[in-house]
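Biologist: Could you walk me through the cross-links and charged side chains in this one? I'd like to go through them one at a time.

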Amino acid sequence: QVQLVESGGGLVQPGGSLRLSCAASGFTFNSYTMRWYRQAPGKERDFVARIGTVAGSTNYADSVKGRFTISRDNAKNTVYLQMNSLKPEDTAQYYCSAWGLRTYWGQGTQVTVSS
């Protein structure tokens with residue numbers, strides 16, 4: 001059975017850092033493009049970052065470019081999102097997704113940036 005399990009969220013002060021992890025199982029991880037999305041209360045789900053199957057191609061939303069870094073470890077079936085210089089507007093539920101023959105979504109992990 002397919003699983004995407006996010007972890008690493010929490011409460012952090014503005015300017016701080018967090019690293020989110022997404023552990024995947026139940027499908028051919030290295031054949032899927034991986035993406036991170038986020039959704040704040042009352043707002044639509046927005047694209048954050050994308051990484052290709054061999055980790056050589058990345059893409060970021062303008063709002064996070066230069067602050068966030070997406071990476072993957074195919075040997076561990078895990079994708080990461082390193083978030084630096086966090087701002088209050090980064091507060092959201094963060095979702096990991098896998099894009100290939102089918103699209104899979106995790107349950108999300110909460111990131112709250114507040115003083």
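Modeller: We can take the disulfide, the salt bridges, a buried arginine and two backbone angles in turn, keeping in mind that this is a predicted model.

Biologist: How many disulfides are there, to start with?

Modeller: The count comes to 1 disulfide, and it joins cysteine 22 to cysteine 96, with an S to S distance of 2.1 Å. The two partners sit in distant parts of the chain, since cysteine 22 belongs to strand β3 (residues 18–25) and cysteine 96 to strand β9 (residues 92–99), 74 residues apart.

Biologist: Are those cysteines buried or exposed?

Modeller: Cysteine 22 counts as buried because its relative accessibility is 0%, and cysteine 96 is likewise buried, with a relative accessible area of 0%.

Biologist: And why is the disulfide called left-handed?

Modeller: The torsion about the S-S bond of cysteine 22 and cysteine 96 is about -80 degrees, so the disulfide is left-handed.

Biologist: Switching to charges, how many salt bridges does the whole structure have?

Modeller: A search of the whole structure finds 3 salt bridges. In one of them aspartate 90 pairs with arginine 38, where the closest N and O atoms are 2.9 Å apart; aspartate 90 is in the loop between β8 (78–83) and β9, while arginine 38 is in strand β4 (residues 33–39), so that bridge links distant parts of the chain, 52 residues apart.

Biologist: What else does aspartate 90 pair with?

Modeller: The side chain of aspartate 90 also meets that of arginine 67 in a salt bridge, at 2.8 Å from N to O. Arginine 67 lies in the loop between β6 (58–60) and β7 and aspartate 90 in the loop between β8 and β9, so this pair ties together parts that are 23 residues apart in sequence. Arg38, Arg67 and Asp90 are thus linked in a network of salt bridges.

Biologist: Is that network's aspartate 90 buried or exposed, and what about its partners?

Modeller: Both aspartate 90 and arginine 38 are buried, the aspartate having a relative accessible area of 0%, and arginine 67 is buried as well, with a value of 11%.

Biologist: Which side chains form the remaining bridge?

Modeller: Aspartate 62 and lysine 65 meet at 3.3 Å, N to O, and both of these residues are exposed.

Biologist: What about arginine 72, where does that sit?

Modeller: Arginine 72 is in strand β7 (residues 68–73). Arginine 72 is buried yet has no salt bridge, and the nearest side chain of opposite charge, that of aspartate 73, is 8.3 Å away.

Biologist: Then which polar groups does the arginine 72 side chain meet?

Modeller: A polar atom of the arginine 72 side chain lies 2.8 Å from the backbone oxygen of glycine 52, and a polar contact of 2.8 Å joins the side chains of arginine 72 and asparagine 74. Leaving aside residues up to four places away in sequence, arginine 72 touches several others, including Phe29, Tyr32, Met34, Ile51 and Val79.

Biologist: Last topic: which residues have a positive phi although not glycine?

Modeller: Asparagine 77 has a positive phi of about 50 degrees, and serine 85 also has a positive phi of about 50 degrees. As background, most residues other than glycine have a negative phi.

Biologist: Where are those two placed?

Modeller: Asparagine 77 is in the loop between β7 and β8 and counts as partly exposed at 26% relative accessibility, while serine 85 is in the loop between β8 and β9 and is partly exposed, with a relative accessible area of 41%.

Conventions
Residues numbered from 1 in each chain as written. Predicted model: local features only at pLDDT ≥ 70, side-chain atom pairs only at ≥ 80, totals over all residues. Heavy atoms only, no water. Helix = DSSP H or I, 4+ residues; strand = E, 2+ residues; numbered from the N terminus. Buried < 20%, exposed > 50% of the residue type's maximum accessible area, 1.4 Å probe, protein only. Lys, Arg positive; Asp, Glu negative; His and termini not counted. Salt bridge = Lys/Arg side-chain N within 4 Å of Asp/Glu carboxyl O. Polar contact = N/O pair within 3.5 Å; in protein donor to acceptor, adjacent residues only side chain to side chain. Contact = heavy atoms within 4.5 Å. Disulfide = S-S within 2.5 Å.
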